[in-house]
Amino acid sequence: MTLRHVTVLGATGSIGTSTLDVLGRHPERYRVHALTAHHSREALLTQCRRHRPAVAVLDVEEDAAWLRGQLAEAGLVTEVRTGRAALVEVAEAREVDTVMSAIVGAAGLLPTLAAVKAGKRVLLANKEALVMSGALFMEAVERYGATLLPIDSEHNAIYQCLPADHRGGLGRHGVTQLLLTASGGPFRGWSRKELVSVTPDQACAHPNWSMGRKISVDSATLMNKGLELIEACWLFDARPDQIQVVVHPQSVIHSMASYSDGSVIAQLGNPDMRTPIAYGLAWPERIDAGVETLDLFQIARLDFEPADEMAFPCLRLAREAMATGGTAPAVLNAANEVAVDAFLAGHLGFTDIDNLVARVRDERPVAPAGDLETILEADVLARRAAYDWLARH
Ligand SMILES: NC(=O)c1ccc[n+]([C@@H]2O[C@H](COP(=O)([O-])OP(=O)(O)OC[C@H]3O[C@@H](n4cnc5c(N)ncnc54)[C@H](OP(=O)(O)O)[C@@H]3O)[C@@H](O)[C@H]2O)c1
């Protein structure tokens, strides 16, 4: 068995912690090369004590100095680095074969792309990177021979439901449709009027999944499903009209693929991200993820319904951005990140999240997304437009 050396970008988050849980179950297979966090220095220290990485990364020098002191006291030799360049370094490091991309938001783009360009096995949880730079990202995967494994549970499920080599368009393999399941979030069945007074704590209380706060809000607005739709288009070479969103409140079926002979293939499991993480780490083998096997008798029934795009317009906004193409998805993503931050800080109402995204979309011109500079500029200008809108309201 080959020992794999892993960098976990965003180690202190929900996906990062689950990744370390799976890695810790298989010390004979995996060594942790690097762990990164933004500001969570205490959590990173605990992880360094447990996993003894060669490198740890934090955003600012003050936190790094504190961590260095704590590590020295504990007699640990982990090197502590800071800043964005350090994230890129640990993603492309020669010693590393596998990179878990689990930073939240646009901040994940550059280190993830660096891992791709270094030809690593990239476990992609950070959907925002692909939403922003889809064509460029997938070209780089092809050109640099990276192995890209989707970790988002829906895309991981679809990956498992498709033929091993599914490149070249869905039709080539007799796939007629991808069925992207959605729990519907905590406000399934609510009217637009009822949604107006939703609080951050209500939005972050997801009925089935335990996740970071940004993705929890995205799940509540259905923007998460919109971002996933864009992600699925790039990962599986699909058009938006080949993807149907199916609300499935039990979150047991993680997604499906329909075939031209009438077959529908689904992947099922308990809603626990350690299953797709273990799949990505061990692929094409299977390893213990610490997740219990599904008890179908306990679940007893599975329900399905269409998504309510009137009450939750973010899904439509995302589909339209994908159809528009170019920098439109990067603008959508940037405006959404600003809107979600403002909502979590108590400065924006829940139903104003989609309002803000739509206003920024209307305001910003769309350019071809042929290079990284254009994409990053579209991101910056969309954020500026979003902050301007917030300042006016
Ligand atoms: N959670 C899930 O179940 C789930 C499922 C599918 C996909 N995803 C995707 O996976 C990604 C991570 O989600 P999550 O729920 O794990 O998020 P999370 O719990 O908020 O964790 C985010 C991680 O990224 C770090 N981070 C945040 N901002 C950063 C920045 N500007 N620069 C560098 N590092 C930064 C955080 O460090 P600090 O702790 O220091 O803030 C933390 O380690 C997201 O793109 C999400 O959409 C998550």
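In this predicted model, 18 residues of domain 2 are in contact with 13 residues of domain 3. The domain assignment splits the protein chain into domain 1 (4–151), domain 2 (152–312) and domain 3 (325–393). Going by C-alpha atoms, the centres of domain 2 and domain 3 sit 25 Å apart. Between these two domains, about 1300 Å² of area is buried, and carbon and sulfur atoms account for 74% of that. On the domain 2 side, Arg-192, Lys-214 and Met-223 put in 33% of the area that domain 2 buries against domain 3, more than any other three residues.

What about charge and polar groups at this interface? The rule picks out one salt bridge across the interface of domain 2 and domain 3. Its partners are Arg-192 and Asp-354, whose side chains meet at 2.8 Å, N to O. Arg-192 thus turns up again here, having already been named among the three residues that give 33% of the area buried by domain 2. In general, side chains of opposite charge can pair when their charged atoms come close. Three residue pairs are in polar contact between domain 2 and domain 3. As for secondary structure, the face of domain 2 that touches domain 3 draws two or more residues from each of helix 8 (192–195), helix 9 (200–204), helix 10 (213–221) and helix 11 (223–236). Helix 10 chips in the most, with six residues. Sorted by class, that face holds twelve nonpolar, two polar and four charged residues.

Turning to the ligand, 24 residues lie around it, and Thr-12, His-38, His-39, Ser-40 and Glu-128 come nearest. Two of these can be pinned down further. Thr-12 places a polar side-chain atom 2.7 Å from an oxygen atom of the ligand, and a side-chain N or O atom of Ser-40 is likewise 2.7 Å from a ligand oxygen. Gly-212 joins in through its backbone, with an N or O atom 2.9 Å from an oxygen atom of the ligand.

Next along the chain from Ser-40 is Arg-41, which belongs to helix 2 (residues 41–51). The side chain of Arg-41 makes a polar contact with that of Asp-63, at 3.3 Å. Setting aside neighbours within four places in sequence, Arg-41 is in contact with Leu-58, Glu-62, Asp-63, Trp-66 and Leu-67. A little further on, Arg-52 falls in the loop between helix 2 and strand 3 (55–58). Arg-52 has a positive phi, about 45°, even though it is not a glycine.

Another backbone oddity to look at is the peptide bond from Trp-283 to Pro-284, which is cis, with omega near 5°. Pro-284 is part of the loop between helix 12 (274–282) and helix 13 (296–299).

Over the whole model, the salt-bridge count comes to 26. Besides the Arg-192 and Asp-354 pair, one worth a look joins the side chains of Asp-152 and Lys-127, at 3.0 Å from N to O. This pair ties together distant parts of the chain, 25 residues apart: Asp-152 is in the loop between strand 7 (147–150) and helix 7 (153–161), while Lys-127 is in helix 6 (residues 127–144). By the domain assignment, Lys-127 falls within domain 1 (4–151) and Asp-152 within domain 2 (152–312).

Note on methods
Residues are numbered from 1 along each chain as its sequence is written. This is a predicted model: local features need pLDDT of at least 70, side-chain atom pairs count only at pLDDT 80 or more; totals for chains, interfaces and linings use all residues. Side-chain values use heavy atoms; hydrogens and water are left out. Domain bounds come from an automatic or database domain assignment. Contact means heavy atoms within 4.5 Å. Buried area is the accessible area (1.4 Å probe) that two parts lose on being put together, summed over both. A salt bridge is a side-chain nitrogen of Lys or Arg within 4 Å of a carboxyl oxygen of Asp or Glu. A polar contact is a pair of N or O atoms within 3.5 Å; within protein, one must be able to donate a hydrogen and the other to accept it, and residues adjacent in sequence count only if both atoms are side-chain atoms. Helices (H or I, at least four residues) and strands (E, at least two) are DSSP runs, numbered from the N terminus. Ala, Val, Leu, Ile, Met, Phe, Trp, Tyr, Cys and Pro count as nonpolar, Asp, Glu, Lys and Arg as charged, and the others, Gly among them, as polar. A residue is near a molecule or strand if one of its heavy atoms lies within 4 Å of it.
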